Amino acid sequence: MTASEQQLKSLDDRTIKCIRCGFCLDVCPTFRLTGQETRSPRGRIYLVRSWRENTIAFDSDLVAALDTCLGCRACETACPSGVEYGTILEMARTHIEEAGLRPASQSFARSQLLATLTSPSRLSASLKAANLVSRFTCGKMPAFAAKMLSGKSGVSLPLPSGDAQIHELPECSPSTTAKRYRVGFLAGCVMRVMFGDVNAATVRVLQANGCEVITPASSGCCGALHLHTGQHADGLEKARALIVSFEPLLDSLDAIVINSAGCGSTLKEYGALLANDSAYAERAAKFSAKVRDVHEWLVGVGITPPESKPVDRVVTYHDACHLAHGQKIRTQPRVLLQSIPGIRLVEMDESDTCCGSAGTYNLTEPDMARRLLEKKLANLKATGSEIVATGNPGCLAWIRQGAEEAGMKLRICHPVELLDEAYRSV
Ligand code: SF4
Ligand code: SF4
């Protein structure tokens with residue numbers, strides 16, 4: 001059996017587990033917005049299965065059904081049958097890209113977008129250019145670029161904005177309290193450019209919790225965005241390179257810590273993704289076994305309580321999809337926030353419903369992304385919070401942009417930034 005036949009067999013094994021009960025429909029944001037079966041998990045799985053059974057073609061309608069999926073995996077949380085929807089989606093999207101089922105201009109635009117987002121030097125240069133172009137286009141992407149990305153005419157896409165510097169970290173940051181652990185830290189690609197302050201805060205928090213933090217300078221992109229968008233071969237190449245960059249250190253590390261939900265979810269899947277690669281299977285499994293989301297790690301080892309004065313702040317928490325649904329991490333970020341003296345955590349409605357960011361979704365499916373963002377902002381507003389904390393760069397940037405456009409006085413930050421401030425205010 002060839003590798004691609006193996007992939008299709010494994011896709012069939014997964015779709016057949018769907019018993020079409022429909023328990024996933026109510027939690028699916030795209031089904032809730034449209035009411036259409038082809039925009040639901042059950043409908044998408046049925047379409048993929050029908051294609052495999054040769055009863056329908058893999059045509060533009062099927063591509064659209066999969067493109068409009070957020071990949072949020074809320075359906076996995078709801079599914080009583082253990083359907084691995086995220087894997088089904090990634091396999092079907094891989095077929096779209098490998099079989100060339102998109103217009104060439106759209107494929108080109110999407111590959112350029114990925115190449116930019118996952119290269120700190122390209123992202124930094126692009127943000128500088130975007131900041132310039134913004135002055136002439138009122139913050140909007142030129143119409144031809146928006147059409148190429150989304151495949152639709154008349155679409156208005158915001159230009160990304162933000163810090164355009166690359167923020168490097170020291171290779172070794174010693175513990176600032178009695179040393180208990182030695183951990184690796186993955187600085188990421190988007191995080192390294194747009195959220196250098198979050199990375200710096202994460203390292204300080206780890207240091208304050210007895211960790212020596214090692215950030216290998218050679219570590220690059222984890223491949224999550226490639227894998228989520230059907231660029232499977234490129235995603236696996238990135239995974240192999242990252243494993244190699246941590247390998248000389250691996251035995252000396254107690255954990256590999258990550259502060260980005262989307263990346264962490266993929267790092268934990270390396271073992272499964274490379275299980276059929278004889279050169280990497282064992283190494284990938286060993287790597288994945290050490291990966292911990294930062295909230296998971298800190299709560300697991302016991303957070304050193306900050307000795308700061310109470311801050312008297314009302315905070316709400318947005319569950320990033322790849323933490324809540326991808327990694328089943330829900331309580332740890334809340335425990336971390338509640339460890340900060342004076343913070344009052346107020347839950348919002350639908351805290352674990354996708355905000356619409358979803359990797360590159362807000363650029364490729366802007367209408368649906370906007371509607372989800374508006375709902376998220378309304379739910380945030382109803383809590384009366386002055387701060388929203390969330391553990392993923394896409395959510396941070398998208399909610400921040402929405403709040404700014406809506407004129408809301410709301411601070412959007414990563415939970416570790418608040419803990420870092422508490423440690424530093426003593
Ligand atoms: S809940 Fe699971 S088994 Fe039921 S329809 Fe959805 S994916 Fe299929
Ligand atoms: S991943 Fe999210 S958007 Fe896609 S089918 Fe599942 S619940 Fe719906």
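Ligand 2 is surrounded by 14 residues, and Cys28, Pro41, Cys69, Cys72 and Cys75 are the closest of them. The model described here is predicted. Three helices, namely helix 2 (29-34), helix 3 and helix 5, each contribute at least two residues to the shell of ligand 2.

Ligand 1 has a shell of 15 residues, with Cys18, Cys21, Cys24, Cys79 and Ser81 as the closest. At least two shell residues come from each of helix 3 (41-52) and helix 5 (74-78). Helix 3 provides the largest share of the shell around ligand 1, three residues. Helix 3 and helix 5 also each supply at least two residues to the shell around ligand 2.

The make-up of the two shells is set out below.

| Ligand | Nonpolar residues | Polar residues | Charged residues |
|---|---|---|---|
| Ligand 1 | eleven residues | two residues | two residues |
| Ligand 2 | ten residues | two residues | two residues |

Further along the chain, two open sheets are described, beginning with the sheet that contains strand 1. This sheet has five strands in the order 1-3-2-4-5, and the pairing is mixed. Strand 1 (172-173) and strand 5 (291-293) are the edge strands, each pairing on one side only. Within the sheet, strand 2 (residues 181-185) and strand 3 (residues 211-214) run parallel and are joined by four bridges. Val183 has Val213 of strand 3 as its bridge partner. Helix 17 (residues 294-301) lies across strand 2, strand 4 (255-258) and strand 5. The direction of helix 17 is at about 90 degrees to strand 5.

The other open sheet consists of four strands in the order 7-6-8-9, with parallel pairing. Its edges are strand 7 (343-345) and strand 9 (411-413), each of which pairs on one side only. On average, neighbouring strands of this sheet are turned by 30 degrees against each other, with direction ignored. Strand 6 (residues 313-317) pairs with strand 7 in the parallel sense over three bridges. The bridge partner of Arg313 in strand 7 is Ile343. Helix 19 (residues 331-338) packs on this sheet and touches strand 6, strand 7 and strand 8 (387-389). The direction of helix 19 makes about 150 degrees with that of strand 7.

Definitions and conventions. Residues numbered from 1 in each chain as written. Chains lettered and ligands numbered in written order. Predicted model: local features only at pLDDT ≥ 70, side-chain atom pairs only at ≥ 80, totals over all residues. Near = placed C-beta within 6 Å. Nonpolar A, V, L, I, M, F, W, Y, C, P; charged D, E, K, R; others polar. Pairing = 2+ DSSP bridges. Contact = placed C-beta atoms within 7 Å. Axes fitted to C-alpha atoms, helices over the stretch in contact; angles between N-to-C directions.
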